[in-house]
Every structure is written in structure tokens, then in C-alpha cells.
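Hi everyone, thanks for making time this morning. I'd like to walk you through the charged pairs and the cysteines in one model, so let's bring it up.

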Amino acid sequence: MSLSEGTNTECSKFSDSGSLVIYDQLSVTKLKLISYNFEYKRYSVQVELNSCCEWSVERSYANFVELNKSMAKGRDLPRPLPKNTCKGKRPKQEVVEQLCRELEAYLNGLLVVPPASPPASKERLDPTRELLDFLEYRSRGIDVGRITDDLVTKTTQCFASGDHEEIIQMSSLELHCVARRLASLSADDPKTSLCGIDSRLVECISEMKGIHVTGQSVEKFSFSALRALSLDLSAFKNLTLLKLESISQSQLTGMEYIVHQLLTLAVQKCIQTLSDILVHYPIAPQDTMTPPHVDVSSALPWARLRFADFKNNNLKTIDPSIRLLTALTKLDLSCNQISGIENLSELSHLEMVDLSYNCIKSLQGASHQLAHVKELRLSHNQISCLDG
């Protein structure tokens with residue numbers, strides 16, 4: 001993991017714009033000549049960031065030369081800058097295409113260059129920053145530092161009012177950035193004390209009791225791009241309420257760290273089956289294989305969960321994973337496509353079930369499944385007979 005050294009005196013691993021730079025998540029995916037004339041040649045460089053956003057920048061060959069000079073100071077580059085073979089008013093098409101391929105390979109090589117050693121003087125430019133400026137990373141990529149700093153400010157203001165129980169609203173992009181920044185801290189020397197903003201971030205995360213994470217649209221990110229972001233929840237050590245909305249369950253990691261502590265779980269517009277969100281296995285050594293099929297018997301129980309809200313998903317059945325909610329008292333399964341009542345008989349603490357707006361036609365066996373339930377909501381189903 002390579003980080004921009006920057007000039008921030010409080011935390012040197014962040015640039016002066018606050019962005020956390022991770023080279024191995026940048027990849028140049030396309031480079032082509034978009035215009036040409038005798039005096040000025042421009043190339044379009046398409047940059048992809050960790051499969052979650054992409055943008056294009058236009059650069060002349062002279063810009064490549066300037067970048068090469070900066071990057072080459074005090075280090076050996078993986079490959080030399082290709083010579084400019086596109087000379088003359090009308091270079092051959094195959095010559096242009098060959099140079100584009102060579103320049104693309106050159107840029108990708110720069111992305112894996114180790115960080116520069118400390119500059120010999122204040123006048124010397126930081127080569128790392130030069131590359132990021134060349135790719136317009138700060139204005140076009142994910143500015144992890146700014147996003148997490150803003151989240152810390154918002155959360156601190158909320159806690160300052162004395163309400164530590166308030167649910168913190170958070171976009172999937174913000175949660176992704178939190179995980180990336182915390183990961184960079186854990187990679188540091190454990191003997192090194194955290195600088196100001198980092199310690200405040202860790203403190204805010206540890207104090208959060210409830211979060212609402214949404215996959216809402218964000219400027220310059222498509223919905224599919226947001227669905228590609230990894231979302232790690234393992235750092236939320238004191239979380240008791242989790243609400244997820246428009247998040248793909250495949251994005252989530254670290255759930256096994258918080259299953260035992262949640263009191264409330266709300267999941268909307270996220271899952272196809274209950275097992276998608278409920279089945280998690282004990283933390284095991286890294287080389288341990290995850291069961292190829294859903295195995296409820298070896299999954300972690302949600303021992304403290306009292307209220308589960310799964311409305312507005314695409315659920316068709318109440319699958320056996322619901323049995324993992326051993327302490328559940330309230331269950332909302334409204335606005336799905338459920339056709340039968342099953343797998344609820346073992347939930348001895350269950351008092352309220354909402355199955356309205358589903359596809360239930362029969363209550364056959366319902367009395368056994370809902371023996372402990374005091375309140376049952378079944379409006380807007382297709383029930384033709386109340387026997388059961």
C-alpha cells in the first residue's frame with residue numbers, strides 16, 4: 001500500500017487535500033489518441049479506480065515528459081518513457097496505436113512504483129503527488145480523507161448534543177472510505193500513536209450505537225459502481241442497531257464480528273433470501289474453507305436481536321435461517337412475495353409478526369408456527385380461508 005506523503009503536519013500519510021492514496025487500486029484501462037496536429041498532440045487516458053469509478057484526462061506528450069522527469073528523481077522506474085514516434089502531420093495509424101500501447105504500459109508501471117524517499121529540499125516536488133495530479137486523482141477519484149473527515153465532523157456534532165443513541169446516517173461510499181482509512185491505520189506501526197483526525201475517527205466509530213447505511217446515488221458514481229464497493233462492518237464494536245438500504249449483501253464483510261451484539265436489524269431493498277443476511281460463520285483461520293452451501297446448523301446465532309425488519313425485499317419464503325434469531329420478539333416481513341408461514345415455531349420469544357402485503361393464500365399450520373405470537377398482521381394477502 002503506497003501513500004502520498006503530503007504536507008499535512010498533523011498526519012503525514014495524507015496529502016494536503018486530505019486524500020488517502022492507494023496506488024494498487026488505480027488502473028489505467030484505456031489510452032488512445034483523440035486529436036493530433038503538428039504542434040500539439042493530446043492523448044485521452046481513461047483511469048479506473050478499484051472498479052467503482054472511472055474518468056478520463058487529456059494529456060500531451062510534453063505532459064508525459066514532465067511527469068517522467070518528476071517520477072525519475074531519486075528512483076529507478078520500471079520502464080523508460082516511450083519515444084515520441086508520432087511526428088509529422090500524418091503519422092501512420094499503426095504507429096499511433098503502438099505508441100498508445102507503450103504509454104499505457106508506462107503509466108501502469110508508475111502505479112506500482114514505491115513511494116518516494118523524503119525530498120532533499122523543500123523545493124523538490126513530491127513525485128507521488130505529481131502522478132496523482134497527472135491523473136487528476138484529487139478532483140476525480142475517491143477522496144477518502146475528505147469523506148471520512150466530513151463524517152467525523154458530522155458525528156462529533158451529533159454526539160456533542162449528548163445524544164449518543166442517535167442513528168448516524170451514512171452512505172455506502174462513506175462506509176467504504178471508513179474501512180479503507182482504518183485499514184491504512186492498522187497497517188501502520190502499532191507503536192505509533194494516532195494523529196488527531198485518525199484518533200477522532202476511531203473514537204467516533206467506537207461510540208456509534210446505530211447506523212443507517214444507504215446505497216444512495218452519489219455524484220460521479222453510478223448505482224452499479226456503488227454496488228461494487230466493499231463495506232466492512234467489523235470496526236463497529238458497540239453497534240446495537242444496523243439499518244441497510246439498497247445495499248447488495250455481497251458487498252458486506254465483517255458481519256460475523258457484530259452478529260452477537262445487535263439488538264435491531266433492518267434490511268430493505270437488499271436481499272433475495274433471509275439467509276443472505278442472517279447466515280454468518282464463526283471467525284476462523286484465514287485458510288479455513290467457508291461451507292459451499294448455506295449451513296444454518298454451524299452459523300452464528302443472533303443471540304441478542306429483538307427486532308428484525310425485512311420489509312421491501314424480494315423474499316419468497318421464510319427460510320430456516322430465521323431460526324438463528326433466538327431472542328426475537330418483533331418480526332416485520334411485510335411487502336415481500338412470501339407465500340407460506342414456516343420456520344417460526346422455534347422462536348419462543350416472538351410476540352409480533354407483520355406479514356401484510358405478501359402472497360399468502362392459506363393459513364394451514366399457522367397456529368403451530370405462531371403459537372407464541374400475540375399480534376399478527378396479514379392485510380393485503382390472498383387468503384381465502386382462515387382455517388389453520
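Let me start with a question for the room: does C100 count as buried or exposed? C100 counts as buried, with a relative accessibility of 5%. For the terms here, buried is under 20% relative accessible area, exposed is over 50%, and partly exposed lies in between, with a 1.4 Å probe and protein chains only.

A quick word on what you are looking at. This is a predicted model, where local features need pLDDT of at least 70 and side-chain atom pairs count only at pLDDT 80 or more, while totals for chains, interfaces and linings use all residues. Residues are numbered from 1 along each chain as its sequence is written, and side-chain values use heavy atoms, with hydrogens and water left out.

Back to the cysteines. C177 is buried too, at 0% relative accessibility. And how many disulfides does a search of the whole structure find? The answer is zero, taking a disulfide as a pair of cysteine sulfur atoms within 2.5 Å.

Now the charges. Side chains of opposite charge can pair when their charged atoms come close. Searching the whole structure gives seven salt bridges, each being a side-chain nitrogen of Lys or Arg within 4 Å of a carboxyl oxygen of Asp or Glu.

One of them joins D149 to R181, with 2.7 Å from N to O. This pair links distant parts of the chain, since D149 sits in helix α5 (residues 144-160) and R181 in helix α6 (residues 172-186), 32 residues apart. Helices here are DSSP runs of H or I with at least four residues, strands are runs of E with at least two, and both are numbered from the N terminus. R181 is buried at 2% relative accessibility, whereas D149 is partly exposed at 23%.

Next, please find K311. Its side chain meets that of D309 in a salt bridge, 2.6 Å from N to O. K311 also forms a salt bridge with D332, where the closest N and O atoms are 3.8 Å apart. That second pair links distant parts of the chain: K311 lies in the loop between β10 (307-309) and β11 (330-332), and D332 is in strand β11, 21 residues apart. So D309, K311 and D332 are linked in a network of salt bridges.

How accessible are these residues? K311 is partly exposed at 22%, D309 is buried at 5%, and D332 is buried at 9%.
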